[in-house]
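Work through the exercises below with the sequence and the model open. Each task is followed by a solution in steps.

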Amino acid sequence: MKAAVILKEGKEKSLAIRHPWVLSGAVKGVKGQPGKGDLVRVVDHKGNTLGWGFYNPISPIPVRLVSWGNASVSPDFWKEAIDKAVSSREFLEKDPSTNAYRLVYSESDGLPGLIVDRFGDFLVLQTLNPGMECLKRQIADYLMERLPIKGILEKNDSDVRQREGLPIQTTRLTNGPVPDSTEIVENGFLFDVDLAKGQKTGFYLDQRENRAVTARYAEGKVVLDAFSYTGAFSVYTAGRGAAALVRVDTSQDALDRGRQNLALNKLSHLSDEPIRGNVFQVLRKFRDMGRNFDMVILDPPKLAATKAQRDKAARGYKDINLLALKLLNPGGILATFSCSGGIDAATFERILSWAAKDARREVRILHRLFQGPDHPVLLSFPEAAYLKGLLCQVA
Ligand code: SAH
């Protein structure tokens with residue numbers, strides 16, 4: 001029998017409903033001497049096999065399951081999972097107006113710790129635990145064989161890797177060249193994506209659908225795109241007839257690329273005011289100046305990674321949403337988002353209601369928003385749901 005991780009009595013319950021994580025507190029003992037990244041059997045306290053997963057003794061999640069039940073995992077299990085993930089994105093592959101989307105989303109696709117984003121002819125890949133790390137070359141070769149792409153960049157700069165004892169690195173994984181940046185099309189809009197140095201894998205693909213919904217309300221509006229990054233919401237709203245743009249971000253590189261993206265879409269004629277600054281301060285300045293907008297987009301970075309940081313994050317969200325509501329003209333639109341795993345959709349809605357009360361504005365929700373369908377959420381793994389948004393109209 002291969003190495004096994006034995007669970008404490010009662011700790012088999014979450015696995016029985018196919019939650020893929022074994023937390024360190026659930027482990028009674030380890031049989032054999034499994035190495036970091038090995039596939040191990042997971043057994044209950046009576047010795048019954050529950051499933052198989054990647055082992056990492058130093059992780060707070062020492063096993064991540066890749067299969068359930070007794071049957072051992074075939075060495076090529078990941079090929080089948082990749083095939084499934086790729087075919088479930090076929091509707092995007094066939095959509096001529098979009099060529100950038102998430103191809104593999106970790107646990108949601110049965111491949112814990114593997115993220116693969118497609119940007120046209122290139123893929124950006126991340127491996128976030130030692131088990132996936134061991135497979136990355138084989139996976140890259142298979143993706144090259146399976147898809148009409150030219151190259152794969154490994155962008156392993158996520159701090160999640162440090163917790164798993166893995167180094168931070170960005171390298172080319174395949175023989176083909178990978179340029180520093182590439183042009184993509186999303187819902188018919190063009191973007192120049194910085195693959196090598198951009199944030200995350202280069203572009204926030206999870207907001208694709210939400211940008212389209214938000215842009216439906218943009219015609220004739222003066223738009224404040226706060227936390228604009230490379231101006232994706234700006235391009236969409238400008239493309240749907242916004243009257244003027246104000247973009248705020250702390251990154252000058254991102255603001256400059258936003259300008260390029262407006263130009264790529266032939267939207268340079270529009271009034272565009274890029275502001276390098278801290279949104280928390282810029283919104284206060286606008287309030288003090290009495291400057292108003294018809295649409296405010298708030299898409300901040302993660303303010304709470306864990307439940308422990310929730311209170312501080314809640315104060316941050318309330319602060320910016322309160323300020324944004326005050327800046328809106330009557331009838332104005334607020335598109336507000338949170339990508340913090342520690343803040344669920346109900347909590348986010350409650351935070352907005354506190355902000356509305358203090359701002360003395362009547363707010364109607366027009367759309368409850370979520371991450372796009374290329375970032376699916378397994379019912380048995382709700383942790384994968386991190387992005388939530390509310391598109392609201394202010395009286
Ligand atoms: N809306 C963007 C994604 C935003 S990501 C899109 O659709 O592509 C969050 C952005 O907020 C990053 O570009 C980051 O540089 C910026 N940022 C982080 N903290 C900030 C702050 N306090 N003030 C302004 N920008 C900030």
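Two strands pair if DSSP finds at least two bridges between them. Helices (H or I, at least four residues) and strands (E, at least two) are DSSP runs, numbered from the N terminus. The model is predicted, so local features need pLDDT of at least 70 and side-chain atom pairs count only at pLDDT 80 or more, while totals for chains, interfaces and linings use all residues. Residues are numbered from 1 along each chain as its sequence is written, and side-chain values use heavy atoms, with hydrogens and water left out.

**Exercise 1. Strand β6**

Task: Find the strands that pair with β6, among them β5, and state whether β6 is enclosed or open.

Solution.
Step 1. β5 (residues 49–55) pairs with β6 in the antiparallel sense through five bridges. In this pair, Phe 54 is opposite Arg 64 of β6.
Step 2. Strand β2 (residues 21–22) is also antiparallel to β6, with two bridges between them. Val 22 has Val 63 as its bridge partner in β6.
Step 3. Apply the burial classes: buried is under 20% relative accessible area, exposed is over 50%, and partly exposed lies in between (1.4 Å probe, protein chains only). Of the six residues of β6 (residues 63–68), five are buried, so the strand is largely enclosed by the rest of the structure.

**Exercise 2. The five-stranded sheet**

Task: Give the strand order of the open sheet of five strands, then describe the surroundings of β9.

Solution.
Step 1. The order is β7-β8-β9-β10-β11, and the pairing is mixed.
Step 2. The edges are β7 (100–105) and β11 (169–172); each has a single partner strand, so one side of each lacks a neighbour in the sheet. From one strand to the next, the twist averages 20 degrees; axes are lines fitted to C-alpha atoms, for helices over the stretch in contact, and angles run from 0 to 180 degrees between N-to-C directions.
Step 3. β8 (residues 114–119) and β9 run antiparallel and are joined by six bridges, with Arg 118 opposite Leu 123. Their hairpin has two residues between the strands, and Gly 120 there takes a positive phi near 60 degrees.
Step 4. On to β10: β9 pairs with β10 in the parallel sense over four bridges, and Phe 122 is opposite Gly 151. Strand β10 (residues 151–156) in turn pairs with β11 in the antiparallel sense over four bridges, where Leu 153 faces Arg 172.
Step 5. Six of the six residues of β9 (residues 122–127) are buried, so the strand is largely enclosed by the rest of the structure. One face carries Phe 122, Val 124 and Gln 126, and the other Leu 123, Leu 125 and Thr 127, all of them buried.

**Exercise 3. The seven-stranded sheet**

Task: Which strands stand at the edges of the open sheet of seven strands?

Solution.
Step 1. Write the order: β16-β15-β14-β17-β18-β20-β19, with mixed pairing.
Step 2. The edge strands are β16 (271–276) and β19 (363–370); each has a single partner strand, so one side of each is left without a neighbour in the sheet. On average, neighbouring strands of this sheet are turned by 15 degrees against each other, direction ignored.
Step 3. Check one inner pair: β14 (residues 222–226) and β15 (residues 244–249) are parallel over five bridges, and Ala 226 is opposite Val 248.

**Exercise 4. Positive phi**

Task: Locate Asn 187 and Lys 266 and give the accessibility of each.

Solution.
Step 1. Most residues other than glycine have a negative phi.
Step 2. Asn 187 has a positive phi near 50 degrees. The residue sits in the loop between β12 (181–186) and β13 (189–194) and is partly exposed, at 26% relative accessible area.
Step 3. Lys 266 has a positive phi near 55 degrees. Its loop runs between α8 (252–264) and β16, and Lys 266 is exposed, at 69%.

**Exercise 5. The ligand**

Task: Which residues are closest to the ligand, and how much of the ligand's accessible area does the protein cover?

Solution.
Step 1. Taking a residue as near if one of its heavy atoms lies within 4 Å, 16 residues surround the ligand, the closest being Arg 211, Asp 249, Asn 278, Val 279 and Asp 299.
Step 2. List polar contacts (pairs of N or O atoms within 3.5 Å; within protein, one must be able to donate a hydrogen and the other to accept it, and residues adjacent in sequence count only if both atoms are side-chain atoms). Arg 211 places a polar side-chain atom 3.0 Å from a ligand oxygen atom. Val 279 has a backbone N or O atom 2.9 Å from a ligand nitrogen atom.
Step 3. The protein covers 90% of the 580 Å² of accessible area that the ligand has on its own, by the Shrake-Rupley method with a 1.4 Å probe; for residues, only the protein chains shown count as cover.
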